[in-house]
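I sat down today with a new model and a short list of things to look up. Here are my entries, in the order I made them.

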Amino acid sequence: MFIKNTWYVACSLEELEALGVRPLGRTICNEPMVFFKGPQGKVAAVEDFCPHRGAPLSLGKVCEGKLVCGYHGLEMGCEGKTVHMPGQRVRGFPAIKSYAVVERYGFVWVWPGDQALADEAQMPSFEFFDNPAWAYGGGLYHVQADYRLMVDNLMDLTHETYVHATSIGQPEIDETPCTTTVQDDQVILQRHMTGIQAPPFWQMAMSANGLDPQAKVDRWQICRFTPPSHIMIDVGVALAGQGGFDAAPEHKAYSVVVDFITPETETSHWYHWGMARQFKPEDAALTDKIREGQGKIFNEDMAMLQLQQANISRWPDRKLLLLNIDSGGVQSRRIIDRLLAQEQAKAQAAPTPNDQTHGTPA
């Protein structure tokens, strides 16, 4: 169901730091994990399972870089080994699974699969994070729906006309055909609208960038899916006839919608959303205004997807239609399925250890 030998966004650093001495429990790809700040403040992740009595370690606290179980005080180190417990010798305690993590772009990324394969060189790269020419603001939604439904949603923006009619939707989206191409493991869906009126959200953005919000514009939507489930969407408007996507900065309002979709279970996921913009990056008030507006838009998506999932779960054998507008999601799912099959084939071909060494009670 999930590609596991890859990097997913687990949480934002801000979210983890806001907890103070409390760890963060989060299920990713059906694996309960707990994230905490270890020695020197470096983030660590281990199974959310105390080897003593099975209590969730996420219910404990962090003390001097060690994760202290909230049930009997067992202290867990960053590598999944028990380092101390009051009144007990812990040398024979079995280790629990630890996970490779990377702190980058303001997020904690985790590799939920085979830890021997974890490779920081496979981390995705983005030009707009940690770049003073760009501003970024975003948030997190916990969505009770299959993560692939969110992939479908973001790779088919015709829904904007109906779900987001008061903000970014407009009839021209339906009226303008899109093109879908596949380049290796990337799916690119493009729609370019010319000589139209900007919808309310983009009128606000035009005003913020010193452009006449009533002027005719050329609008673009370029959705880029990359595995396991990251989608970056180039969006914006430029004054009509100035080159559209390629227009000079003074003639357009341009942003990238950032979508990090992290599976939790078969019917739920963590959705880290945001927008990186290339105009007025120094304007913090504008960042907050865009974050608020974008949050409302994505909340509309979440409501629709959760009701969609409820219907699919109620009638699991009913077949859904696949139309021309679904091409981006269809191609993205094909890549997910292919990579998942390759990962499973490699796992089945790997040699199985003849025996395992288990810890003994102290």
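**Entry 1: a surface patch**

I began on the outside, where Leu-321, Leu-323 and Ile-325 make a nonpolar surface patch of about 310 Å². My patch rule takes residues with over 30% relative accessible area and no salt bridge, joining like charges within 9 Å and nonpolar side chains (Val, Leu, Ile, Met, Phe, Trp, Tyr) within 5 Å. Areas come from the Shrake-Rupley method with a 1.4 Å probe, and for residues only the protein chains shown count as cover. I found Leu-321 in the loop between H6 and H7. Helices (H or I, at least four residues) and strands (E, at least two) are DSSP runs, numbered from the N terminus. Leu-321 has a relative accessible area of 71%, so I put it down as exposed. The classes I use are buried for under 20% relative accessible area, exposed for over 50%, and partly exposed in between (1.4 Å probe, protein chains only).

A note to self on the source: this is a predicted model, where local features need pLDDT of at least 70 and side-chain atom pairs count only at pLDDT 80 or more, while totals for chains, interfaces and linings use all residues. Residues are numbered from 1 along each chain as its sequence is written, and side-chain values use heavy atoms, with hydrogens and water left out.

**Entry 2: salt bridges**

How many salt bridges does the structure hold? I got 12, taking a salt bridge as a side-chain nitrogen of Lys or Arg within 4 Å of a carboxyl oxygen of Asp or Glu. Side chains of opposite charge can pair when their charged atoms come close.

I looked up Arg-333 and Asp-152, whose closest N and O atoms are 2.8 Å apart. This pair links distant parts of the chain, with Arg-333 in helix H7 and Asp-152 in helix H2, 181 residues apart. Arg-333 is partly exposed at 26% relative accessible area, and Asp-152 is partly exposed at 24%.

Next came Arg-219 and Glu-160, with 3.3 Å between the closest N and O atoms of their salt bridge. Arg-219 sits in strand E14 (residues 216-226) and Glu-160 in helix H3 (residues 160-163), 59 residues apart. Are these two buried or exposed? Arg-219 has 3% relative accessibility, so it counts as buried; Glu-160, at 6%, is buried.

I also noted a salt bridge between Asp-185 and Arg-338 (2.6 Å, N to O). Asp-185 is in the loop between strand E12 (179-183) and strand E13 (186-197), and Arg-338 is in helix H7, 153 residues away. Lys-4, Glu-31 and Lys-97 are joined into one network by salt bridges that share partners.

**Entry 3: the pockets**

On to open space. On a 1 Å grid over the protein atoms alone, a cavity is a set of points where a 1.4 Å probe fits but cannot get out, and a pocket is an open set with protein on both sides within 12 Å along at least five of seven lines; lining residues have an atom within 4 Å of a point. Grid points are joined across faces, edges and corners, and a volume is the space filled by probe spheres set on the points.

The largest pocket holds about 960 Å³ of space. It has 31 lining residues, with Leu-149, Asp-152, Gln-308, Leu-320 and Asp-326 closest to its centre. Helix H6 (284-314) is among the elements that give two or more residues to this lining, and H6 gives the most, five. I sorted the lining into 14 nonpolar, seven polar and 10 charged residues. Here Ala, Val, Leu, Ile, Met, Phe, Trp, Tyr, Cys and Pro count as nonpolar, Asp, Glu, Lys and Arg as charged, and the others, Gly among them, as polar.

The second largest pocket has a volume of about 700 Å³. Of its 25 lining residues, Ile-3, Asn-5, Thr-6, Trp-111 and Glu-343 lie nearest the centre. H7 supplies the largest share of that lining, seven residues.

**Entry 4: the cavities**

My search of the whole structure gave two cavities of 30 Å³ or more. The largest cavity has about 200 Å³ of space. Among its 18 lining residues, Glu-160 is one of the closest to the centre, and I had already met Glu-160 as the salt-bridge partner of Arg-219. H6 gives the largest share of this lining, four residues.
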